[in-house]
Amino acid sequence: MSDFIKDGLARNFVAGQWVEGENGDVIAVSDPGDDSHVADCAKAGDAQLGAALDAAQASFERGDLADMKPQARAVLMHRIADEIRNIADEGAEILCRESGKAISAAHDEFEEAAQYFEYYGGVADKIEGKSIPLGPDYVDYTSYEPYGVSAQIVPWNFPVSIAGRSLAPALAAGNSVIVKSPELDPIGLAMLGLALERAEVPTGAVSILNGVGPDIGAKLVQSSQVNQIVFTGSVPTGQSILRAAAGPVTPCLMELGGKSAAVVFEDADLDVLMSSLQSGIFYNAGQVCSAMARVLVHRSIYDQAVERASELANGLRVGHGLTEPEHTPVISAKQLTSIEEITSAARQDGARIVAGGARLDRAGCFMAPTILADVNPSSRIAQDEIFGPVTCFTPFDTEAEAIAMANGTEFGLVAGVFTRDLARAHRMARKLRAGQVFVNEWFAGGISTPFGGVGKSGFGREKGLEALYNYVRTKNVAISLKG
């Protein structure tokens, strides 16, 4: 496997080479499904960061990607997609073990990453400017130019696919990229370096660093050699990055999570709702920024919906990701403790636990699939992101009341509407404060649909054609023809 793993140590991909960490430091990676040791990963330090920054800047200044013919850049993107698929089977098993997710979900991440490269490879030669009419004595046009060095900090919940989501449009636009992997599950993402190496990406155009956020991540975003910052993660970390970026005025793209609500009307199909609930809050153990964290149900069907949800949660098959279960562990013991504590506190705020509510008595980091009923919309558990397999049911009586509750948090990532009334669906979509609204299917959409939030869910958009323009700057050229 190239030099990616040497003597049992997964290494950093820096300037086209596989390198160890500083002073031999490593990150020990554990399997949250059974608490076993997966592998060690070389921990990047100042030397590796400096080498990655210098190589990225040099690659951009040489024009390795920016000056490459757009058609050739498109061919390169498709070649990367092919190489990602070639490592998908081996990579999925590693990702499954280090993240805890089901093996099929891990494989889907590599496939999705490949699809991002195919999608943006298809538009790499279509980044077109405009001609602006100023009269017969002028020629005026716009062009799109890459930022330069894009620093991308990737979260642990979907490390491979989210890396592909940002890396692909950045490269398609001609930027150089440094990816900082999540310390909890860095190895699957680091394997993308293999695909890049085999696809013959220009030396220095991409580096992948394994390190901890307060160290390598903080230094990366503070570097004067960075021209853009892309971050997906928590609000506090995002705010810290924004403060660091304020000094040099580095442009940022932020996706910071959510507390998304589904609004379920009296005419909703409860079978459809339960299908969406299973994927919306129990997929990846609820560790999804756009999870169905709140379910607001019309009072006329509220009791029935809560009962159906309880039956669903209690019936899920639990197990290690390699066994392809319906419910998997959360990422770490720390995350499990946090989820359990906020769930327990919800009972004191008046919530009724109708399913789950505590960790499961088994090896690994398993939180029971949890349904809370009669949740006060202003309580902590209805306001704070839990990032676990816990959802909150609350009844409503009127459409206006439902809108107020759905919009009643600091977040605004996604929202959902379940109704057979098309007019009401459109009306709700206009009034819900969210970057994306699902109607009758949670997670509807795909790579081609723009994704991002408002409020504390962040700003900017990933995915779709719209995302491509987050990775370029517009330049206007005005030419006088007089004389």
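Me: What makes F387 count as buried?

Reply: In this predicted model, the relative accessible area of F387 is 17%. Buried means under 20%, and therefore F387 counts as buried.

Me: How many aromatic pairs does the structure hold, and why is the pair of F4 and W18 called edge-to-face?

Reply: There are nine aromatic pairs. In the pair of F4 and W18, the ring centres are 5.1 Å apart and the planes meet at 65°. Centres within 6.5 Å make a pair, and planes over 60 degrees apart make it edge-to-face; both conditions are met, so the name applies.

Me: Why can this pair of F4 and W18 be said to tie together parts of the chain?

Reply: F4 belongs to the segment before β1 (5-6), whereas W18 is in strand β4 (residues 17-19), so the pair joins parts 14 residues apart in sequence.

Me: Are F4 and W18 buried or exposed?

Reply: F4 has a relative accessible area of 0% and W18 has 6%. The limit for buried is under 20%, so F4 is buried and W18 is buried.

Me: What makes the pair of W156 and F387 edge-to-face or stacked?

Reply: The planes of W156 and F387 stand at 85° with their centres 5.4 Å apart, so this pair is edge-to-face. W156 lies in the loop between β8 (149-153) and α4 (159-172), and F387 in the loop between α12 (380-383) and β17 (390-396); the pair therefore ties together parts 231 residues apart in sequence.

Me: What makes R424 and R362 residues whose charge sits over a ring?

Reply: The charged end of R424 is 4.1 Å from the centre of the F265 ring and sits over that ring. R362 lies over the face of F366, at 4.5 Å from the ring centre. The distance limit is 6 Å, so R424 meets it and R362 meets it as well.

Me: How do you know which residues touch the most other members of the largest nonpolar core, and which helix gives the most to it?

Reply: Among the 100 residues of that core, I80, I84, F117, Y120, L171, L277 and F393 touch the most other members. Helix α2 (residues 70-99) gives the most, with 12 residues.

Me: What does L277 contact, leaving aside its neighbours within four places in sequence?

Reply: L277 is in contact with F282, M292, V295, A309, L312, I371, T391 and F393. A second, separate core has 24 residues, including A52, L53, I153 and C252.

Me: How many disulfides are there, and why are C41 and C365 in none?

Reply: The count is zero. For C41, the nearest cysteine sulfur is that of C96, 18 Å away; a disulfide needs sulfur atoms within 2.5 Å, so C41 is in none. For C365 the nearest is again that of C96, 14 Å away, so C365 fails the limit of 2.5 Å too. C41 is buried, at 0% relative accessibility, and C365 is buried at 5%.

Me: What puts the buried residues of helix α7 on the same side of the helix?

Reply: In α7 (residues 213-222) the buried residues are I216, G217, L220 and V221. These residues cover an arc of only 125° around the axis, which places them on the same side of α7. On the other side, P214 and Q222 are exposed. The buried residues pack against α1 (46-62), β8, β9 (176-181), β10 (206-210), β11 (228-232) and α8 (235-246).

How values were computed
Residues numbered from 1 in each chain as written. Predicted model: local features only at pLDDT ≥ 70, side-chain atom pairs only at ≥ 80, totals over all residues. Heavy atoms only, no water. Phe/Tyr/Trp six-rings, centres within 6.5 Å; stacked < 30°, edge-to-face > 60°. Helix = DSSP H or I, 4+ residues; strand = E, 2+ residues; numbered from the N terminus. Buried < 20%, exposed > 50% of the residue type's maximum accessible area, 1.4 Å probe, protein only. Lys NZ or Arg CZ within 6 Å of the ring centre and 35° of its normal. Core = buried A, V, L, I, M, F, W, Y, C linked by side-chain atoms within 4.5 Å. Contact = heavy atoms within 4.5 Å. Arc of directions from axis to C-beta.
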